[in-house]
Amino acid sequence: MEAYKREFIEFMVQSDVLKFGDFTLKSGRKSPFFMNAGAYVTGEQLHRLGLYYAQAINDNFGLDFDVVFGPAYKGIPLAVVTAMALQELYGKEVKYCCNRKEAKDHGADAGNLLGAELADGDRVIMVEDVTTSGKSIDETYPILKGAADVEVRGLIVSLNRMEVGKGGVTTAQKEIEAKYGFPVASIVSMAEVKECLHNHEVAGRVVIDDDIAAAIDAYYEQWGAKE
């Protein structure tokens, strides 16, 4: 496992973004882990987050693109910090663009997008925190394609939860790939999280002990994707 992936896993725990215990998800599933990207709130956390996204984008998709797009709302800061990190790490100048939940009907920037104005031929990388159902992509992909004839080069998320999506067989990430035809990747997967954290201390405590590890295994016995 690459060093930045291990660092990112520990970073999620230290930032209280990734937690372990007993959680009820929006889907109604009982999960032994929960991720909340809204817990990144400081300048240092956001700076580091952008660097991890930039590295994962480079690893998975390369740097041959023009725009980083983040679906509202959590994708907005992700797009901004990732664009900044791409410049910092690789000297790669890209634009950022996001959608609004409600279109603005006045001013020079009226419409349902903010940031860069999309143009035909723009190559776009989308950034999200985590994909569990693909709903936000279903909402924002038509907005992207409606704004200009862009090419989506890929979607990057923080964490691949590795559980079945809406179809009940494969992951939401694989479902998006099949539906829209662009690749989906993650900075880390839950398999990598478990491998990294099982009986390993982060900030003086073990967050995945044998009991939590067993609960994660049981969760995937029920909800793990068959891929």
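## Exercises on a predicted model

Y219 is buried, with a relative accessible area of 4%. That value comes from a predicted model, as do the others below.

**Exercise 1.** Decide whether Y220 is buried or exposed, then classify the ring pair of Y219 and Y220.

*Solution.*
- Step 1. Take the accessibility. Y220 has a relative value of 18%.
- Step 2. Apply the cut-off. Buried means under 20%, so Y220 counts as buried.
- Step 3. Take the ring geometry. The centres of the Y219 and Y220 rings are 5.6 Å apart, with the planes at 80 degrees.
- Step 4. Classify. Planes over 60 degrees apart count as edge-to-face, so this is the type of the Y219 and Y220 pair.

**Exercise 2.** Classify the ring pair of F11 and Y40, and place both residues in the chain.

*Solution.*
- Step 1. Start from the count. The model has 11 aromatic pairs.
- Step 2. Look at this pair. The ring centres of F11 and Y40 lie 5.2 Å apart and the planes meet at 20 degrees, so the pair is stacked.
- Step 3. Locate the partners. F11 belongs to helix α1 (residues 3-14), while Y40 is in the loop between β2 (30-35) and α2 (43-61). The two are 29 residues apart, and their pair links distant parts of the chain.
- Step 4. Check burial. Both F11 and Y40 are buried.
- Step 5. Widen the view. Ring pairs join F11 and Y40 with F8 and Y52 in a cluster.

**Exercise 3.** Find which residues of helix α6 are buried, and where they sit around its axis.

*Solution.*
- Step 1. List them. Helix α6 spans residues 190-197, and its buried residues are M190, E192, V193, C196 and L197.
- Step 2. Use the arc. These residues cover only 155 degrees around the axis, so they lie on the same side of α6.
- Step 3. Step past the helix. Just after α6, N199 has a positive phi of about 55 degrees.

**Exercise 4.** Describe the surroundings of Q173 and I212, leaving aside neighbours up to four places away in sequence.

*Solution.*
- Step 1. Place Q173. Helix α5 (residues 172-180) holds Q173, which counts as buried at 7% relative accessibility.
- Step 2. Name the contacts. Q173 touches V157, L159, N160, V184, A185 and S186.
- Step 3. Turn to I212. Helix α7 (residues 210-223) contains I212, which is buried at 17% relative accessible area.
- Step 4. Name its contacts. I212 meets F20, G21 and V207.

Note on methods: Residues numbered from 1 in each chain as written. Predicted model: local features only at pLDDT ≥ 70, side-chain atom pairs only at ≥ 80, totals over all residues. Heavy atoms only, no water. Buried < 20%, exposed > 50% of the residue type's maximum accessible area, 1.4 Å probe, protein only. Helix = DSSP H or I, 4+ residues; strand = E, 2+ residues; numbered from the N terminus. Arc of directions from axis to C-beta. Phe/Tyr/Trp six-rings, centres within 6.5 Å; stacked < 30°, edge-to-face > 60°. Contact = heavy atoms within 4.5 Å.
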